[in-house]
Amino acid sequence: MSIVEAPTEVETPPALEAVELPEKDVPIILAASAAGATHLITGDVTHFGSYYDEEIGGVLVLAPAEYLRQAGN
């Protein structure tokens, strides 16, 4: 696991243009994608819940419990 800074002056990849998130959450998915993350694990059901189990910009968005279930397999 790595912690990365939010990217600065990064163009939004086409895969992220259709994603509807509040402005404060956009840097989270951009940073995950720019860092080459495979997963974004978030309990933010309000903003990311509709994207659970979907890949956005190469990043699979999962709830913490689902990630742990998958990791246990």
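**Exercise 1. How many bridges join strand β2 to β3, and do the strands run parallel or antiparallel?**

Solution. The model is predicted.
- Locate β2 at residues 54-56.
- Three bridges join β2 to β3. The two strands run antiparallel.
- For a register check, take E54: its bridge partner in β3 is V61.
- Now look at the hairpin of β2 and β3. Two residues lie between the strands. There, G57 takes a positive phi near 55°.

**Exercise 2. Find the strand that pairs with β3 in the parallel sense.**

Solution.
- Strand β1 covers residues 39-41.
- β1 and β3 pair in the parallel sense, over three bridges.
- I41 has L62 as its bridge partner in β3.

**Exercise 3. Sort the residues of β3 by the way they point, and state whether they are buried or exposed.**

Solution.
- β3 spans residues 59-62.
- In a regular strand, side chains alternate between the two faces of the sheet.
- V59 and V61 point one way. L60 and L62 point the other way.
- All four are buried.

**Exercise 4. Locate the two salt bridges of the structure and classify the exposure of each partner.**

Solution.
- One salt bridge links K24 and D25, with the closest N and O atoms 3.1 Å apart.
- K24 is exposed because its relative accessibility is 56%, and the cut-off is over 50%.
- D25 is buried because its value is 3%, and the cut-off is under 20%.
- The other joins R69 and E66, at 3.1 Å from N to O.
- Both residues sit in helix α4 (residues 64-71). They are three residues apart, about one turn of the helix.
- R69 is exposed at 53%. E66 is partly exposed at 22%.

Key. Residues are numbered from 1 along each chain as its sequence is written. This is a predicted model: local features need pLDDT of at least 70, side-chain atom pairs count only at pLDDT 80 or more; totals for chains, interfaces and linings use all residues. Side-chain values use heavy atoms; hydrogens and water are left out. Buried means under 20% relative accessible area, exposed over 50%, partly exposed in between (1.4 Å probe, protein chains only). Two strands pair if DSSP finds at least two bridges between them. A salt bridge is a side-chain nitrogen of Lys or Arg within 4 Å of a carboxyl oxygen of Asp or Glu.
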